[in-house]
Amino acid sequence: MTELQEVQITEEKPLLPGQTPEMAKEAELAARILLDRGQTHSVETPYGAVTFTVYGTPKPKRPAILTYHDVGLNYKSCFQPLFQSGDMQEIIQNFVRVHVDAPGMEEGAPVYPVGYQYPSLDQLADTIPCILQYLNFSTIIGVGVGAGAYILSRYALNHQDTVEGLVLINIDPNAKGWMDWAAHKLTGLTSSIPEMILGHLFSQEELSGNSELIQKYRNIITHAPNLENIELYWNSYNNRRDLNFERGGDITLKCPVMLVVGDQAPHEEAVVECNSKLDPTQTSFLKMADSGGQPQLTQPGKLTEAFKYFLQGMGYMASSCMTRLSRSRTASLTSAASIDGSRSRARTLSQSSESGTLPSGPPGHTMEVSC
Ligand code: BEZ
């Protein structure tokens, strides 16, 4: 049988007076972002309706990129800066994207009645097959942050054949121990729910620095019309079970995984520990220097770069397709081909602000990355 080939047809448009090819390309990307507003759908699941927004069109033989956001956020406030960053366009045009909103977190969501039984994180993971079935998608590359990273990991443990790769930002795979609970309860005596969630999302340094970004997110969360729903998602996160990852054991992620954390992030230790439990031949660890709690908001360019190499390592983005991205970066970054190796290589990255290089590291070791 003849195979369907994906053919990219590029329309040659004349340049406007004074317009360089780069400017034309930027304008085209901006137009594409403006035109693709996403299609929002809602699907009934055993745990209530789940809303998700689809951008782009399905590409034959390619997984969908499926994102899951953290507590206090929705898909837009968590992922828009990353997915709308300039360099990301060249990557995502090759994939359909499905951005899930946890129940009650979608824009305009009504507040659940008092006593509403909000799903656990495990149950939220169990809603993902309903979404994929509705869209008729068979495999995904998951991108999750915090609670979303946990949900995607749980989904991958239960449905490993459908997950081709995972980008897990700020994952804490452990259930809260009694010490954590005591600390949580104590903090709860003096802090409001929005402040506790902000403390989960951002480092104390970032919060006290009170940058424009912090002011924006503090404002979003404090004045969220669905704050009661957010508290329910927060409670589910705090009541999560241990994922029980075990290096060399049966409970492990079998697909390529890129773990990401900021070096000053509240969950830095948890991600380091998670890295120690996963299969080193399948796991890359990107520790981002000078980065706080939400690298996808504060350093979308660096994350895009790492994502590009992650996809290349999985055999997606051929480097010839990455013309603009590759050209826009220094030659040192092309040495990141060291992380584009086969799926069987161990890849651990740690981002450095000094060196300006992205050298390879031996399996199981930390690699310095800078952009
Ligand atoms: C996307 O193109 O995937 C996207 C656009 C807007 C917000 C989030 C994601």
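Two rings of Phe, Tyr or Trp (its six-membered ring) are taken as a pair when their centres lie within 6.5 Å. By this criterion, the predicted model holds nine aromatic pairs. Ring pairs join Tyr112, Tyr116, Tyr118 and Tyr233 into a cluster. Aromatic rings also meet charged side chains: the charged end of Arg240 sits over the ring of Tyr237, 4.2 Å from its centre, and that of Arg62 sits over the ring of Phe95, at 5.1 Å from the ring centre.

Turning to the ligand, its surroundings consist of Tyr55, Tyr75, Gln80, Phe83, Gln84, Ile92, Arg97 and His99. Two of these side chains come with polar atoms close to ligand oxygens: a polar side-chain atom of Arg97 lies 2.7 Å from an oxygen atom of the ligand, and a polar side-chain atom of His99 is likewise placed 2.7 Å from a ligand oxygen atom. The protein covers 96% of the 260 Å² of accessible area that the ligand has on its own. By residue class, the shell divides into four nonpolar, three polar and one charged.

Helix α2 deserves a closer look here. Both α2 and β4 (97–101) supply at least two residues of the shell each, and the largest share, three residues, comes from α2. This helix spans residues 75–83, and its buried residues are Tyr75, Ser77, Cys78, Phe79, Leu82 and Phe83. At the N-terminal end of α2, Asn74 acts as a cap, with a side-chain oxygen 3.0 Å from the backbone nitrogen of Lys76.

How values were computed
Residues numbered from 1 in each chain as written. Predicted model: local features only at pLDDT ≥ 70, side-chain atom pairs only at ≥ 80, totals over all residues. Heavy atoms only, no water. Buried < 20%, exposed > 50% of the residue type's maximum accessible area, 1.4 Å probe, protein only. Helix = DSSP H or I, 4+ residues; strand = E, 2+ residues; numbered from the N terminus. Polar contact = N/O pair within 3.5 Å; in protein donor to acceptor, adjacent residues only side chain to side chain. Phe/Tyr/Trp six-rings, centres within 6.5 Å; stacked < 30°, edge-to-face > 60°. Lys NZ or Arg CZ within 6 Å of the ring centre and 35° of its normal. Near = heavy atom within 4 Å. Areas by Shrake-Rupley, 256 points an atom, 1.4 Å probe, with all protein chains shown as cover. Nonpolar A, V, L, I, M, F, W, Y, C, P; charged D, E, K, R; others polar.
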